[in-house]
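This report goes through one protein model, starting with a single residue and then widening to the whole chain. Please keep the sequence and the structure in view while reading.

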Amino acid sequence: MGGPFPVDNGMTSFWRTELDALDDYRSTETLPETSDIVIVGSGYAGASTAYHCQQLAQSTASQPSIVILEARQACSGATGRNGGQLKPDVYCEIGTLADKYGVEAAEEVAAFEVEHLSAVQSCIDKEQIECDLVFNEVIDVHFDDSLCDKIRAGHESLVLHGAHTAQRTEFSPQATAESLSGVKGARGCFKSRTGRFWPYKFVTGLLKRVVSAGANLQTHTPVLQVSETSDNDGRWTVTTSRGSIRAKRVIFCSNAYTAAIAPEYKDKIIPVRGVCSRIVVPNPPECPLGYSYTFRFNEWDYDYLIPRPDGSIVAGGAKSTFFHNPSDWFNNPDDSKLIEAAAHYFDDYMQRHFHGWEDTGAHTDRVWTGIMAYTTDYLPHIGEIPGKPGQMVIAGFNGHGMPQIFLSAKAIAQMIVNGAEYEATGLPRLFKTTTERLENRENPFLAYSNAAGR
Ligand SMILES: Cc1cc2nc3c(=O)[nH]c(=O)nc-3n(C[C@H](O)[C@H](O)[C@H](O)COP(=O)(O)OP(=O)(O)OC[C@H]3O[C@@H](n4cnc5c(N)ncnc54)[C@H](O)[C@@H]3O)c2cc1C
């Protein structure tokens, strides 16, 4: 059988050190024969899709039956091992989108991402999910003058052309960048609003909610195949390691692994390994970290950091150590082991980069691997799979799903429960999965990899 499928024994991330009772949960001993909706994957996308379907169906005559099939433990994919940053992009990649697709289309994406801050907060408040949500500011620190100038020019152009969200960031030039950020060698920085939380706790909180409202969660149940055609009842056959389910709707919330079971996405959604760590601080500095950070070293190399309420820091990136070696990361779904070259990258990270951290003894207490889903056009695929009415996808988040998934899942639920058209859901037009995108042979992602020395 092809792949990529989730591998056994994914490394334990910091986020997965406090496991929920649902982690290995199966609602029933055997699988139901039929279901209105089958959701493949129990990460942020799967849990959010189930949640929104139930919420929207509250105002209809009946709740649809929902089965969530998860290959491993609940929330054991990217969501359970990421950087924990809920950071809308209001000026950076949005500038690239504006160049390619126009400011209006790019602004839709930026506004959609910003909307996630309040949408996620409302949900957390409503469902009383304890997941350390904090809103603060993030400083993007630039170390490369030419990249900084280019992004600054892009930002100014966005503002000039009426992209309102671009006004949510503030630029500090070299003269003030280092004192503002506290970062050694900062050449310029952008400050904007962000959020951070414990993604595993948020998602298991949602799963608890949907399971208690009747959704059937089946962990350790990999989907091996989904039929290419539907039967006379319009149902698709979902074949798993534990039997089959016939479903009216199949929602692929399988992110990096989508191509294994939805062949349309072969070479379109690609598993890419990423590295994350947790840094502990035995002797905290006088000024603890007041912001989240992104460090931009060049076009392809960046790290990100979030401070945690316990004084530790979750930091990810480390691409400079392994990007030149594609087999370490490209088209590789193995999160059962470390990328060796990156194992010690974060060891004295805080001392190297921050003023006043030299004597803190800050060091990594855990490093882990996670699998992101990159797409050939850097845009997620959302909506009905072309030619397969009833099969829907919400995947391909390019390492940036936290400010994109919750409302994408809500839109999918509107399509399922209310029969809404994609265009009526508020989803950015660029996210729609289309035949044109699937047939497009351009692959800027490979060009980007080439830049890193492939
Ligand atoms: C190291 C790292 C750091 C990141 N940092 C950030 C960050 O700070 N901010 C941000 O916005 N984004 C970040 N991301 C990206 C973010 O984590 C993802 O965009 C998001 O979690 C994707 O959620 P998801 O539900 O689509 O996918 P996942 O969480 O990967 O869930 C997919 C689920 O589907 C299951 N599955 C797959 N195939 C099958 C199958 N055949 N049968 C059954 N189940 C299956 C998987 O086991 C998995 O549990 C990071 C990702 C990584 C790896």
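Beyond its neighbours within four places in sequence, threonine 425 is in contact with Ala411, Gln414, Met415 and Ala420. The model is predicted. Threonine 425 sits in the loop that runs between helix H9 (405–418) and helix H10 (435–439). Is threonine 425 buried or exposed? Its relative accessible area is 13%, and buried means under 20%, so threonine 425 counts as buried. Glutamine 218 is 207 residues away from threonine 425 in sequence, and their C-alpha atoms are 29 Å apart in space.

**Unusual backbone geometry**

Most residues other than glycine have a negative phi, and most peptide bonds are trans. Cysteine 75 departs from this with a positive phi near 50°. Cysteine 75 belongs to the loop between strand E2 (66–69) and strand E3 (85–86). With a relative accessible area of 1%, cysteine 75 is buried.

Asparagine 331 also has a positive phi, near 55°, and is not a glycine. The loop that holds asparagine 331 lies between strand E14 (313–316) and helix H8 (349–353). Asparagine 331 counts as partly exposed, because its relative accessibility is 47% and that class lies between the 20% limit for buried and the 50% limit for exposed.

A cis peptide bond is found between glycine 3 and proline 4, with omega at about 5°. Proline 4 is part of the segment before strand E1 (34–40).

**A residue in a helix**

Aspartate 149 is placed in helix H4 (residues 145–160). How large is the relative accessible area of aspartate 149? The value is 51%, and aspartate 149 is therefore exposed, since exposed means over 50%. Aspartate 149 and proline 173 are separated by 24 residues in sequence, while the distance between their C-alpha atoms is 9.8 Å.

The table lists the accessibility of the four residues discussed above for which a value was given.

| Residue | Relative accessible area | Class |
|---|---|---|
| Cysteine 75 | 1% | buried |
| Threonine 425 | 13% | buried |
| Asparagine 331 | 47% | partly exposed |
| Aspartate 149 | 51% | exposed |

**The whole protein**

How many helices and strands does the protein have? There are 11 helices and 17 strands. The C-alpha atoms fill a box of roughly 70 × 45 × 45 Å along the principal axes. For 454 residues, a compact globule would have a radius of gyration near 22 Å, and the protein's 21 Å agrees with that.

Of the 454 residues, 57% are buried. Taking contacts between residues at least 6 apart in sequence, 78% join residues at least 24 apart. The exposed area of the protein is about 18100 Å², of which carbon and sulfur atoms supply 48%. The protein has 40 positive and 55 negative charges, and the mean positions of the two sets are 3 Å apart.

**The UniProt record**

An unreviewed UniProt entry lists residues 36–415 as "domain: FAD dependent oxidoreductase". In the predicted model, this span is 28% helix and 27% strand. The C-alpha atoms at the two ends of residues 36–415 lie 14 Å apart.

Notes:
Residues are numbered from 1 along each chain as its sequence is written. This is a predicted model: local features need pLDDT of at least 70, side-chain atom pairs count only at pLDDT 80 or more; totals for chains, interfaces and linings use all residues. Side-chain values use heavy atoms; hydrogens and water are left out. Helices (H or I, at least four residues) and strands (E, at least two) are DSSP runs, numbered from the N terminus. The radius of gyration is taken over C-alpha atoms; the globule rule is 2.2 Å times the number of residues to the power 0.38. Buried means under 20% relative accessible area, exposed over 50%, partly exposed in between (1.4 Å probe, protein chains only). Contact means heavy atoms within 4.5 Å. Accessible areas come from the Shrake-Rupley method with a 1.4 Å probe; for residues, only the protein chains shown count as cover. Lys and Arg count as positive and Asp and Glu as negative; His and the chain ends are not counted. The place of a charge is taken as NZ of Lys, CZ of Arg, CG of Asp or CD of Glu. UniProt positions are given in the numbering used here, feature names are shortened, and annotations may be inferred rather than shown by experiment.
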